[in-house]
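Hi everyone, thanks for coming. I've got one structure for you today, so let me put it up and we'll walk through a few parts of it together.

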Amino acid sequence: MPFNKNGQKKLYSKIYIYRVKFTLAKISGILFCSILLIAFTKINTIYKITEGKITFSSEASFETITATSEKLTGALDTSNQKFAFFVSNSSFEGFNSLLQSEHFKESYIESEKNPRSVFTGKIIEKVPFQIPGIYSVRAKGLLNIHGVEQERIIKCELTIENETIKVVSNFSVYLVDHGIAIPRIVFDKISPEIKISVVATLKQKTE
Amino acid sequence: MIKQLIKGFITLFIGFIPAIILAQTPFIRTIEVDKTIQDIKVQEIVQDKNKLMWLGTNKGLYRYDGTSFKAITIDNKNEEISVTSLFCDSKGVVWVGLKKGSIFYFKNDSIKPFDIEEGNPKETINGIAEDTYGNIWFATYGEGLYVWNHKNFYNFGEEDGLDDESAYCLVADNKGNVWCGTDAGITACSFLNEKKQIKNYSTKDGLSDNIIKRLIWDKNGFLWFGTDNFGIGKLYPDSNKVVIPESFSAWNKGSVESMLLMEHEVWIGTNENGLIDYEFSGNNRIRNFYGNAGFNYSSVQCLFRDDEGNIWIASKDHLAQSPGERIEFLKSINGIPFKNINSVLVDRNKNVWYSDEEGLHQLSFISDGTIVNTSFVIPKLKLPFKILSIYQDAFGFIWIGTFDHGVFRIEIATGKSIQIDDKKGLTNQSVLSISGKQSTLWLASLSGAIKIELGDDALKLNCAYQVDYFNSENGLNNNFIYQVLQDRKGRVWFAQDGKGISMLDRDGFHQFGEEDGIKAKTFYSITEDINGGIWFASANNGLYRYKNQQNFQINFLTGLQKTKNYQFYHYDLSNGLQSLHISGLCADNVGNVAVVYNDGIGLFNLDSESFSWLEESDGINTVDADLNTTSLAPDGVIWVGAKNQFIEINTSLEKLRKTPYLSFNIITALLDPFDFSIYQTIPASKNHITFSFQGIWFSNPTDVNYQYKMEGLNRDWINTRDKTATFPDLDPGRYTLRLRCSKTTDFSGSNEIIYSFAIANPMYKQWWFTTLLIIVLIAITWIFLKIRDQRVNFVQRLEKEKLASQFETLKNQVNPHFLFNSFNTLANIIDEDKGKAIEYIEKLTDFFRQILIHREKDLIKLEEELEIINDYVYLQQQRFENALVINITVSENQSRHYLIPPLALQLLVENAIKHNSLTTSNPLIIDLYFDYEFFVVKNNLQPKLNKEPSTGTGLQNITRRMEMLGLPSIEVEKTETHFIVKFKLADKKQSDMISITPALFVVK
């Protein structure tokens, strides 16, 4: 037999080395993948609104006007707690009359000039987004209505459960703060304080 | 010569015996907040506009008026009541910040949550401030700053440019900014027209530490900061300059938890090393009070100075109060207390010279807070001896006046001395006091005053001098002189034992005694105030003051002329003194005169012309000072050598507020509080008025006395120590309550607060009520008269009708027809039957008697009426026999129960007989019966052919009488065959009413 003990041993040891190398490659591959995965999941902290509804109501002594838009869009970044919510001003429906709706769009909100109302900012409290629960938080940001920006702190309630965040908020907007003037003649029909309620469901963005 | 040198050497050698002692300490007394709660820690202190003290503790909020703590209940949803910040804004609202971020505010005597749409923070509120625009700021630990512009709530966070969101403290400046200390340095923020401006300062800008725990502004525009690890420093924001005092270059006392800035010192409260005092003006001395007498608090969380100038110290488990740098005490050297201090002098280098039974000593102060005590041994003086006075001349030499050994002049640097005694020309060896001006010295001795004039070589210890004597032989009143004072005008004043005051001026000696209003004989001390007024302390008759005002008198010959008439003002117990036995006087250079007596020290302020007394809260119990133991230091501090301690009084830091601050707390009308900021008219039903008030005087709360006078009720002032005054039953009228308070029993010059109000007239005294009452009375009288008239008319009418009816009946009965018929019938019967005739006559008489009996009455029983009918029918039946049938169907009950106007039925029956033909074949049948409630008289109708004329009065008469008695009218029904009369009868009840009412109203 041309083989000697040493040669055999070498062969075996070579195989052994290959095996080790292969295992190492496997492990490092898995590691690399998992790092990628972690990195990927870490990057993906953006939640987007899948269903969003915004309602405003003006409760004046002579008339109550309510209008709703289902076209609330927006996103929340849970890594830095920043958010941005948008709604198209022309998407509001449910006025008491067609005329009223036109008035709203043309005279008050001026939707051609100001197509969107926006609220962007940051949640003040540190929210543990990975833990399901109900959190009462305050959102600090710039509220842009009628082209006039106002800094606001708005209270809202976050309900976090399996990968969705539900946002509910009720707050008031004073027309005067956003440069919307009410003609004297409709003073009793439009309240200077507009009550706004927002309900939105956010889901993790998947791309 | 050699001997002298040796002596001088010995003096030098044993002269200095230095000893290092501990620093002086302020007086501190402890106050217990709430005994009922364990582990209570005061964390924040603030004073409101009524000067009440607010204490924020870990167990809630308290308000302190000097005598009691009132717990203010915070009704917080999350049950967190640990108060971490307190602030009183310019409108008097007290803001309360809690550990878990909630904000409350106290306004109009109640505490409310700060309920805003934006919600409260959720992290600890560490500071509250108000900027010059009126915005209220809140600093949180973790959420940055918040600002409320009385409309919206805004947040300042890292995204706005804040270096760090964890803030420890917040102060406002006078330019519209607020400054906050954070974990990353100092941040200045402003908020104007909703625009945020932020500027950060950190170690890059020269701060000693990034963690800034406390901030305070000083008068010069420096922002003092206290750091976590490197002591304190100053930031000058205009030039961004940072100054770290040299004394803090090696700080090792840990975190600065609190800071308090005073005029000359800053107090620093640390976490573990107690209270540290840094004197920034002067010698930059740092002292640590921790462990010194009376101060054992290792952790000082909060320091606050109230508007009186008292300092409040919040430690972990104590609240303490202190007069601060105003008064300090020096009690011992290395634990050995001072004993029997004889005389005191503070020299030009602020060294304190004093003498006791062991000789002369000098205290000098080192900037590290220690004091060096040096004893000077004077070789010629052997124990026992007594040094009575110490003086420093214009050339820097120290002079001591001794008992029986003359005076010594000592060179400070070498300790060498020279003695001037009887051998050198002194007439008396006992020098009670030394004073002087420039090169002139005045010595007060037991044999007159001695004047020493130093020669031109006075800078040498052993200089030339000249001695002059003044005694009873050349102008003084007395040879026993306690003190001599040469004033700034060159006059020399002598305080004498027994003969009052003497004065020497260019015109020679003047004596002042009883004719000048000076009752005292013995004077101990003289001082000159900054206005040139001269003060004299008498041994047992208080103080005298010569105001140094020129008195002018108009002389008609020479015009305006100065008089020589000196005027002395006397102060005794009646005008502000607390003791008549004054031992020492010392004027400072800011307008005060310190007055030392056995049990205390007073300060007379020349501006306010009033005394204030150092109180027990200042730590002064007994002074018991010797003569010559008060001395004014070059820094303005007055040193008093009391028997066993030195008292340092910083008169320039007199109490900021000198009298109690008086305010109404609550005013109630019948226990209901009402708004007393406006004039009120209180209804008479609530005329029980209670005033609750407080005079805030934290320096000595128990000394506050009150006096009130209700104008409109009281003539004199009423004294009280209570904090309430109740007026239980005030008559209507206008009132003004005048209230004043004082820290003594003397109320002159005390501030007064008033409240005017009125008690309204009671309702019955109001004009509208009186008018209404008169109207109602008139109306009632009118109605009464009207009703009476009606009733009288009614009765009269009834009477008339009755008369008419009687007349009718009588007329009918006495009618010749009836009588003729009756007698005719009777004539027929008499023949036939005598018995029947008698019966007939009886019935007839009975009939007439019945008529007579009943005619006066309004109603008679149906029974009685039926009896009349029976009689009548009997009489008629005798005549018509079977042609008249009468059927009465009335039960006995009915006949008793019902009532009827008399002769009503008789009239109806008679009418029936009268108007119908009666024949045996067609008899007249009259039925009387009840048809339910109606009584019916019914007869068949067979009218006579020749009708008897009918007057109709009978039926009419009955109808009217029935009406008047309130009975429904008669129904008359005439059919073909029958004539029916129906009417209701009265029952007994109705008859009662009818019989009573006429009786009441009948006036005849």
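Let's jump straight into a turn. In chain B, strand 12 and strand 13 make a hairpin with 5 residues between them, and B:G134 in that turn has a positive phi of about 95 degrees. Before I go on, keep in mind that this is a predicted model.

So how do those two strands pair? Strand 12 of chain B, residues 125-130, runs antiparallel to strand 13 of chain B, and the two share 5 bridges. If you want one pair to click on, take B:E130, whose bridge partner in strand 13 of chain B is B:I136.

Now stay with strand 13 of chain B, since there's another neighbour to look at. Strand 14 of chain B, residues 145-148, also pairs with strand 13 of chain B in the antiparallel sense, here over 4 bridges. Here you can find B:W137 standing opposite B:V147 of strand 14 of chain B. These two strands form a hairpin as well, with 4 residues between them, and in that one B:G142 has a positive phi near 130 degrees.

Is strand 13 of chain B, residues 136-140, mostly covered or mostly open? Mostly covered: 5 of its 5 residues are buried. And that goes for both faces, with B:I136, B:F138 and B:T140 buried on one side and B:W137 and B:A139 buried on the other.

Let me zoom out for a second. Chain B has 1004 residues, and 38% of them count as buried. It contains 9 helices and 78 strands. If you take contacts in chain B between residues at least 6 apart in sequence, 54% of those join residues at least 24 apart.

Okay, next stop, further along chain B. Here 4 strands make an open sheet, in the order 46-47-48-49, with antiparallel pairing. Strand 46 (481-486) and strand 49 (508-512) of chain B are the edges; each has a single partner strand, so one side of each has no neighbour in the sheet. On average, neighbouring strands in this sheet are turned by 20 degrees against each other, ignoring direction. In the middle of that order, strand 47 of chain B (residues 492-496) and strand 48 of chain B (residues 501-505) run antiparallel, joined by 4 bridges. One pair to look for there is B:A495 opposite B:I501 of strand 48 of chain B.

Let's do some helices too. Helix 5 of chain B, residues 862-880, packs against helix 7 of chain B, residues 904-915, at an angle of about 25 degrees, and their axes are 8 Å apart. With that angle, helix 5 of chain B counts as roughly parallel to helix 7 of chain B. The crossing of the two is right-handed. Who's touching whom? Helix 5 of chain B brings, among others, B:I868, B:I869 and B:Y872, while the residues from helix 7 of chain B include B:L905, B:V909 and B:I913. By class, that contact has 8 nonpolar, 2 polar and 1 charged residues.

Last bit: where the two chains meet. How many residues does each chain put into the contact? Chain A gives 10 and chain B gives 11. On the chain A side, the elements giving two or more residues are strand 6 (133-145), strand 7 (148-161) and strand 8 (164-174). Strand 7 of chain A gives the most, with 3 residues. Sorted by class, the chain A side has 3 nonpolar, 1 polar and 6 charged residues.

That's my tour, happy to go back to any of it.

Conventions
Residues are numbered from 1 along each chain as its sequence is written. Chains are lettered from A and ligands numbered from 1 in the order in which they are written. This is a predicted model: local features need pLDDT of at least 70, side-chain atom pairs count only at pLDDT 80 or more; totals for chains, interfaces and linings use all residues. A residue is buried if 20 or more other C-beta atoms lie within 10 Å of its own, exposed if 12 or fewer, and partly exposed in between; C-beta atoms are placed from the backbone. Two strands pair if DSSP finds at least two bridges between them. Two residues are in contact if their C-beta atoms, placed from the backbone, lie within 7 Å. Axes are lines fitted to C-alpha atoms, for helices over the stretch in contact, and angles run from 0 to 180 degrees between N-to-C directions. Ala, Val, Leu, Ile, Met, Phe, Trp, Tyr, Cys and Pro count as nonpolar, Asp, Glu, Lys and Arg as charged, and the others, Gly among them, as polar. Angles under 35 degrees count as roughly parallel, over 145 as roughly antiparallel, 65 to 115 as roughly perpendicular and the rest as oblique. A crossing is left-handed if the near helix is turned anticlockwise from the far one by less than a right angle, and right-handed if clockwise.
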